[in-house]
Amino acid sequence: MTENLEAPPMKRSANDFIFGKVLGEGSFSTVFLAKDVHTSKEFAIKVCQKRHIIREKKQDYVKREKETLLVLSKNVKESAPYFVRLYCTFQDPESLYFVLTYAKKGDLLGYLNKVGSFEDHCSKFYGAEIVQALEHLHCLGIVHRDLKPENILLSESMHIVITDFGSAKILNCVEMDEKNKENSEEDAGELKRKSSFVGTAQYVSPEILNRTRTTPSCDLWALGCIIYQMVAGLPPFRGHSDYAIFQKIMKLEYEYPDGFPDDARDIVTQLLVLEPSERLGAKDIGSYTSVKSHPFFSGLDFEELHKVKPPEIC
Ligand SMILES: NC(=O)c1nn(CC2CCNCC2)c2c1CCc1cnc(N=C3C=CCC=C3)nc1-2
């Protein structure tokens with residue numbers, strides 16, 4: 001089911017790890033850096049407090065994240081090792097524990113805040129790794145739905161490691177076949193039940209705001225926002241409140257700063273399209289050929305990205 005740790009397979013507990021610094025905190029979970037006492041290997045362990053999960057009504061979120069991580073951990077693609085791995089889970093009376101890949105270099109947002117905008121070759125490299133990751137994710141029928149720089153972690157070798165699948169949706173076969181049509185009634189019902197939208201304001205797609213349908217194309221919208229942000233240093237849709245940002249998204253109200261390169265402008269313009277089925281890549285089957293062949297990515301070998309030394313972010 002999930003990959004065994006180096007030690008012989010056995011049911012784990014918190015006693016098998018030395019817990020270190022806090023890597024991140026949420027309303028019902030805390031993520032710790034931890035070391036396996038048997039192998040000294042470092043992991044990120046997400047500890048979810050059971051009573052907080054209930055208080056925050058996050059049972060579905062936790063269940064969805066575990067299901068998604070299990071699918072990803074069972075279907076690792078060598079040329080797209082771009083996701084946190086779930087090594088094992090265990091629980092005690094108070095908490096659930098998820099033992100995950102530790103991404104030593106933090107997240108993409110941290111680097112964007114540090115250097116402002118990326119140099120063109122960096123934006124192209126990391127944009128390409130995200131495309132390669134989305135291609136694998138969508139081939140498995142998984143839509144992330146909350147892709148953003150904060151959820152794109154960086155490994156010790158500075159390759160991307162995508163995390164936080166609590167907002168993800170695993171499409172059923174029918175939905176996968178009809179990816180540009182309405183979702184199942186169950187999905188529509190799920191959306192109507194949601195008091196808040198799925199995703200994060202700056203990167204959420206119009207169709208999620210409209211609560212109409214979840215298709216892989218909503219991650220292509222987020223890709224457009226992230227490429228824009230790597231090139232410009234700021235996300236395309238900005239405002240003083242989530243509502244103000246939503247208004248701009250629904251009206252496709254964004255601008256390109258002076259000096260924004262033409263190839264980057266063209267691919268972002270083809271991704272930030274209100275109609276999901278009209279976005280670059282939305283009609284591709286299997287591989288995102290139309291995205292990978294865009295001039296913005298000229299010269300990049302997508303299948304070999306994970307083997308090369310990423311360009312220095314500066
Ligand atoms: N919510 C999570 O699942 C999660 N949260 N974090 C820490 C966050 C810190 C802010 N940016 C987003 C991630 C993690 C994970 C998954 C698993 C995971 C693996 N490695 C790291 N690594 C970090 C390294 C340095 C600083 C922060 C995180 N972090 C996580």
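**Group meeting: cysteines, a sheet and a helix pair**

Hi everyone, let me start with a cysteine: the sulfur of Cys314 lies 5.7 Å from the closest cysteine sulfur, that of Cys122, which is too far for a bond. A disulfide here means a pair of cysteine sulfur atoms within 2.5 Å. This is a predicted model, where local features need pLDDT of at least 70 and side-chain atom pairs count only at pLDDT 80 or more, while totals for chains, interfaces and linings use all residues. Residues are numbered from 1 along each chain as its sequence is written, and side-chain values use heavy atoms, with hydrogens and water left out.

Back to the cysteines. Cys314 is partly exposed at 46% relative accessibility, whereas Cys48 is buried at 2%. (Buried is under 20% relative accessible area, exposed is over 50%, and partly exposed is in between, with a 1.4 Å probe and protein chains only.) For Cys48, the closest cysteine sulfur is in Cys88, 13 Å away, again too far for a bond. Searching the whole structure turns up zero disulfides.

Now the wider view. The protein chain has eleven helices and nine strands, taken as DSSP runs numbered from the N terminus, with at least four residues for a helix (H or I) and at least two for a strand (E). Of its 314 residues, 52% are buried.

Next, the sheet. How are its five strands ordered? They run E1-E2-E3-E5-E4 in an open sheet with antiparallel pairing; strands pair if DSSP finds at least two bridges between them. E1 (17-25) and E4 (86-91) are the edge strands, each with a single partner, so one side of each has no neighbour in the sheet. From one strand to the next, the twist averages 25°. E3 (residues 42-49) and E5 (residues 95-101) are joined by seven bridges, and Ala44 has Leu100 in E5 as its bridge partner. Helix H2 (residues 59-74) packs on this sheet and touches E3, E4 and E5, with its direction at about 145° to that of E4. Contact means heavy atoms within 4.5 Å.

Finally, a helix pair. The axes of H3 (residues 108-115) and H8 (residues 217-232) come within 10 Å and cross at roughly 30°. That makes H3 roughly parallel to H8, a label for angles under 35 degrees. Which residues meet? Leu108, Leu109 and Leu112 from H3 meet Ile226, Gln229 and Met230 from H8. The residues of this contact comprise five nonpolar, one polar and no charged. Thanks for listening!

Methods: Axes are lines fitted to C-alpha atoms, for helices over the stretch in contact, and angles run from 0 to 180 degrees between N-to-C directions. Angles under 35 degrees count as roughly parallel, over 145 as roughly antiparallel, 65 to 115 as roughly perpendicular and the rest as oblique. Ala, Val, Leu, Ile, Met, Phe, Trp, Tyr, Cys and Pro count as nonpolar, Asp, Glu, Lys and Arg as charged, and the others, Gly among them, as polar.
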